[in-house]
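Student: Got a minute to walk through this model with me? I'd like to begin with the metal site.

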Amino acid sequence: MKRILFSMMFTVLFLAVPVAFGKTGSQIRVVATTRVLSSLISDIAGDLIDIYTIAPPKRDVHFVQPTPKDVLMTKKADVFIMTGGELEIWAGPLLDAAGNLALKENKKRVFDVSRGIEFLEIPTVLTRAEGDIHAFGNPHYWTDPRNVRIMIDNMAEQFGELYPEHAQMFRQNAGKLKTRLDEKMKLWEKRLMPWRGAGIVTYHKSWSYFAEWFGFNVIAEIEPKPGIPPGSKYLGELMKQIKENNVRVIIREPFQDRSAPSRIAQETGGEVLTLGQFPGAVSEAADYIGMMDHNVEMLAKAFETLGQQNNKRMK
Ligand SMILES: [Zn+2]
């Protein structure tokens, strides 16, 4: 009965949501898998595009279940943008379900923005054994703003090829966005400089690129493997490691379990920070730059309060 009720509610909600793209018919209809991509492409293409994003910002992007609306919007899309690196394992089935001929006929219209990105943590053996969801390397590369510069260039170039009449405008807007980002990067680096080398613990292996850029040491993750929740034995060992290394800052994302990080923080005198990987994940993060502003400020304040000691990198 509950299931029928839920399905009825879903149908009503679904019907209540307008499914048509477009304020005007002339806009390029873009479907982006995540809000990072929609944030960047909106800055590059402005009003020329009408954007629809699939992954809700407060949900785990690995495990998105596309809705009927997502399928409809993908069916109508002129361009479909994705992060790649197997982050969106659901994108293939979604594209199949949508059966969009325009996307099938021109491969450039299904756009993986990861071209030229150096992936970290590429395993020597490609396997999803034991549930590891980073089987092709770590796909969370946009947490390093240097990679975002590459994404911006890729977007301006590919959209320029698809819509050459607007190529110059895309290039100009991409240039302005990179200038803004460069200025911010200097400020972020300055703000976090005093804690370069500090140890942190993260829930999921999703901050490796961020840590690489700022020079933080991710001592360990709360998940024993990406996508696998911790057991009590693992947590016990982790707690010991955290105490030995005097790590105080524990990073989680809004959709991740709060209880294990809180328990660890209580026992080790640390603090749990809820940071975002997507605009909209936390209310302060309206776009990519706003999201990074928030993350940097939260970290800086936590380090100031906790008096974090620098840690040596653990190998
Ligand atoms: Zn991941």
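Tutor: Sure. One definition to begin with: a donor here is an N, O or S atom within 2.8 Å of the metal. And keep in mind that this is a predicted model.

Student: Okay, so how are the donor residues of the zinc ion spaced in sequence?

Tutor: The pattern reads H-x71-H-x5-H-x63-H.

Student: Which atoms are the protein donors, and how far do they lie from the zinc ion?

Tutor: They're the NE2 atoms of His-62, His-134, His-140 and His-204, and they lie 1.9 to 2.0 Å from the zinc ion.

Student: What arrangement do the four donor atoms make?

Tutor: Tetrahedral, because the angles they subtend around the zinc ion run from 104 to 114°. For reference, the ideal angle for four tetrahedral donors is 109.5 degrees.

Student: Where in the chain do His-140 and His-204 sit?

Tutor: His-140 is in the loop between strand 4 and helix 6, while His-204 is in the loop between strand 5 and helix 8 (208–214). They're 64 residues apart, so to speak a link between distant parts of the chain.

Student: Is His-140 buried or exposed? And what about His-204, buried or exposed?

Tutor: His-140 is buried, at a relative accessible area of 3%. His-204 counts as buried too, with 4% relative accessibility.

Student: Switching to sheets. What's the strand order in the one that has strand 1?

Tutor: That open sheet has four strands in the order 2-1-3-4, with parallel pairing. Strand 2 (49–53) and strand 4 (110–112) are at the edges; each has a single partner strand, so one side of each has no neighbour in the sheet. From one strand to the next, the twist averages 25°.

Student: Which helix packs on that sheet?

Tutor: Helix 2 (residues 35–45), which touches strand 1 (28–32), strand 2 and strand 3. Its direction makes about 175° with that of strand 2.

Student: How many bridges join strand 3 to strand 4?

Tutor: Three, with the strands running parallel. Met-82 stands opposite Asp-112 in strand 4.

Student: And what about the sheet with strand 5, what's its order?

Tutor: The order is 6-5-7-8, again an open sheet of four strands with parallel pairing. Its edge strands, strand 6 (217–221) and strand 8 (271–274), each pair on one side only. The twist there averages 30° from one strand to the next.

Student: Which strands does helix 11 lie across?

Tutor: Strand 5, strand 7 (249–252) and strand 8, and helix 11 runs at about 170° to strand 8.

Student: Now aromatics. How many aromatic pairs are there?

Tutor: The count comes to 14. One of them is Phe-119 with Tyr-141: the ring centres are 5.5 Å apart and the planes are at 75°, so that pair is edge-to-face. Tyr-141 counts as buried, at 0% relative accessibility.

Student: What about Trp-195 and Phe-303, why is that pair stacked?

Tutor: Because their planes are at 15°, with the centres 5.6 Å apart; the cut-off for stacked is under 30 degrees. Trp-195 is in the loop between helix 7 (167–192) and strand 5 (199–202), and Phe-303 is in helix 11 (residues 288–306), 108 residues apart. Both are buried.

Student: Which residues do ring pairs link into a cluster?

Tutor: Trp-188, Trp-195, Trp-207, Phe-210, Trp-213, Phe-214, Phe-216 and Phe-303.

How values were computed:
Residues are numbered from 1 along each chain as its sequence is written. This is a predicted model: local features need pLDDT of at least 70, side-chain atom pairs count only at pLDDT 80 or more; totals for chains, interfaces and linings use all residues. Side-chain values use heavy atoms; hydrogens and water are left out. Two strands pair if DSSP finds at least two bridges between them. Helices (H or I, at least four residues) and strands (E, at least two) are DSSP runs, numbered from the N terminus. Axes are lines fitted to C-alpha atoms, for helices over the stretch in contact, and angles run from 0 to 180 degrees between N-to-C directions. Contact means heavy atoms within 4.5 Å. Rings of Phe, Tyr and Trp (its six-membered ring) pair if their centres lie within 6.5 Å; planes under 30 degrees apart count as stacked, over 60 as edge-to-face and the rest as tilted. Buried means under 20% relative accessible area, exposed over 50%, partly exposed in between (1.4 Å probe, protein chains only). Donors are N, O and S atoms within 2.8 Å of the metal (3.2 Å for Na, K and Ca); water is not among the atoms, so sites may look incomplete. Four donors count as tetrahedral if all angles lie between 85 and 135 degrees; four count as square planar and six as octahedral if opposite donors are over 155 degrees apart and all others between 65 and 115; anything else is irregular.
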